[in-house]
Structures are given as structure tokens and as C-alpha cells.
Amino acid sequence: MDVARLKENFAHVIMHGDELPLFFYSDLFIKHPEVREMFPVSMAAQRGHLAEALVRIVGAVDNVDELSGYLEGLGRDHRKFGAMVEHYAAVGDSLLTTLEHFSGPTWTPQLAADWKGAYELIGSVMLAAARSDEQVRPAWWRGTVVACEHRAFDTSVLFVKPEPHMDYIPGQSVAIECPSRPRLWRYYSMANAPRQDGMLEFHVRLIDGGSVSMALTSSSIVNTDIRIGPPVGVLTLSQPLSGRDLLFIAGSTGLAPLKSMLDHLTTLQQPPNVHLFFGARTVDGLYDLESLEKLTAQHSWLTVTPVVSGESRFSGVTGSLPDVVARHGDWSGRETYVVGPSDMVKEAVGRLRSSGVPEEQIHVEDFGWREP
């Protein structure tokens, strides 16, 4: 397999943008119409997911450890769609057809063999992970929404009881599908560490055009049964802890995975010192501040600084979240976690790097949306 040849070819075909996934799914559904029911009615988001996955896979094709971990996660996660062995073969056939179509005269037998070998390797890793996962946990959990608290005009906190009990690591997230939006899965982080009663807490922000978030924040969501995919994600506290104190930077509902970590730290005999900066554009956006203030009153190792960037009436700290963090001190000795809207995450990481925080001490999760 010629890795350089694969990357060069992919750089050429990916320039066709949305035409690439559009052609792929059209070919797949024409050849295998039985597969169509696994996907949502609107394929716009799904086409984006395909392109993102291909970019990540090809970009890491010469990094075995990174690629294997990503593919194993995909294999486990795709179980919730009902993916089976024959589906992998169908996808591979349509993927090769798509690559050949957009490669034009640059397509050669050698290139076809490279892509065929690459996909067979990808499929084998994903299938092995899926089969191993089948032995220890279900493809998805049934979750009952037992309560929904509307904390702000666009933010709700959901409490969900999964069946069976779900094990996960604080900081991880799950995909959620609700009955009014079939086959549309959206990822949300748990906002609590695993509890004996199994309850899960989710912070859901209503996103413009987000049909799943709209359904989950509806007043009728209580007592609804939803589907929950397996826990995924590597934004978790290192185990054992590094020994460094921690810096948490949360924009909006980016608070959720960091609060899950805080919940875990409260169970330790000697937790590290933690400084959490919780930011929002408006005072109402600090939707979980009361809960955080209770935590700080109970634990001397925790400091919480609420920050508002777009409202002068706030009596506390104001300004952009990255600016506030930067002027509060030297964070180079801390393990740092940054979660939230894309622009905030990008700016905060840049400021941390320029201030001397080592790259290996910066952990991020970009929620893929921007503040309005």
C-alpha cells in the first residue's frame, strides 16, 4: 500500500466538496436500497459526517495507534445503527466507485488496489471492535427522561434513567436519538460521574436549526423513551492523575463533561486544586451557576469564576473567556481542559499555547457550533 499515493489522490478528490458524499450515498442507496432505512430522511448532516471521517482517517493513515483507536471507536459506535458485515462490503464497493469517479484519468489499477487494501484493513479493525463490544454491552440503551429543568430560554437539563445500567468514564459523551427524530443521532456529554442509581444528567442547548435539541428541550419530553448509544470520547482525566492541578475552561454547555469530572473528583481523598472558568454571553447563559456555587462551598480545592462576555449589567467578571483566563495568571503548570463553542475553544487554546502551557497538557472538545 502506497500511503503517499493514497494521500495525494484523496487531496484531489476531496476538492469536489459535497459532491463526493452526495455521489457516494446515491450509489450506495441505488445498489443497496435496504440500507436506506438506517439513515435519516435528511442526509445533509450525514454527508458532512462522511467527509469528516474520511479526512480524519486519511490524515492518520500513517499513525497506526491514532488510526486504530479512532476506527475501533467507530466500529463500536456504528452498532447502534444496526451495521452488519454485509453493510461493510456494500459501503466499500460504493466508496471505491466514488473514488474512481472523482479521480478521473488519474485512477489506475495500482491506486484501486491501494484503496481496496486500505478499506479492507479499516473494515477489519471496525468489525473486530464491534464483535468484541457485542460480548460486553448492548448496541444501545433505552433511556427514560424522568425530568427536564428549563434553566434558560435556550438551555435545559435532562435527567435520564438508562436500562440497563451504563458504565462510562467522566468526560465521555453518548449519541442520543429521540422518537420524534428517528435515525438522527446527536452527541451529548454526561454532566455527572456514574451514580449508583444509574441516573444520567445532560445539558442540552437549543441550537438554531437543531431538530434533535429542539425535541429534547420540549416540555413534552418528560416520560419519553429515547435511545442512547455507547459512551465515546477521550476527553477524560488521566488515570492515575498527573499530580498537576487542573484548569477547566467551559463555554456554555461545554460545562457538562467538566462537571462530570468535578463530580468524580469529589469522591477522591486528595483531589487536585481545580480552577473552573464558566463563560457565557449573558447572565442567563450561566444556567448551572447555582449548582457550581454549592460545590465550591463544599470543597476548598475548587474555585469557580463565572464570566459574561456580552452583558454589562453582570456584577462579576466580564470579557471574553480566553481573555479573562489569560489575565488571571500563569497556567503553565496545570493540566488544562477546554470545552465549548468552536471559536472560544480555538482562541483559548491559542492563548494557552502562547502563554507557555505545553501542548501535551491541553485537552479540548470542540462542540462544533458558534455562539449567536
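These are my notebook entries on one buried threonine and on several salt bridges in a predicted model.

**Entry on Thr-336**

I began with Thr-336, which I located in strand β11, spanning residues 335–340. I looked up its accessibility and found 0% relative accessible area, so I recorded Thr-336 as buried. Setting aside residues up to four places away in sequence, I listed Leu-247, Ile-249, Leu-352, Val-357, Gln-361, Ile-362 and His-363 as the residues that Thr-336 touches. For the polar part of the Thr-336 side chain, I noted that one of its polar atoms lies 3.4 Å from the backbone oxygen of Arg-334.

**Entry on salt bridges**

I then turned to the charged side chains, for which the count came to 21 salt bridges, and I looked at some of these individually.

In helix α2 (residues 19–31), I found Asp-27 and Lys-31 four residues apart, which means that about one helical turn separates them; their closest N and O atoms are 3.1 Å apart in a salt bridge. I noted Asp-27 as buried at 14% relative accessible area, whereas Lys-31 is partly exposed at 38%.

I next checked Arg-195 and Asp-197, whose side chains form a salt bridge with an N to O distance of 2.6 Å. Arg-195 is partly exposed at 35%, and Asp-197 is likewise partly exposed at 35%.

For Glu-311 and Arg-313 I wrote down a salt bridge of 2.4 Å, N to O, in which Glu-311 is buried at 17% while Arg-313 is exposed at 62%.

Last, I recorded a network of salt bridges that links Glu-149, Arg-151, Glu-201, Lys-259 and Asp-288.

How values were computed: Residues numbered from 1 in each chain as written. Predicted model: local features only at pLDDT ≥ 70, side-chain atom pairs only at ≥ 80, totals over all residues. Heavy atoms only, no water. Helix = DSSP H or I, 4+ residues; strand = E, 2+ residues; numbered from the N terminus. Buried < 20%, exposed > 50% of the residue type's maximum accessible area, 1.4 Å probe, protein only. Polar contact = N/O pair within 3.5 Å; in protein donor to acceptor, adjacent residues only side chain to side chain. Contact = heavy atoms within 4.5 Å. Salt bridge = Lys/Arg side-chain N within 4 Å of Asp/Glu carboxyl O.
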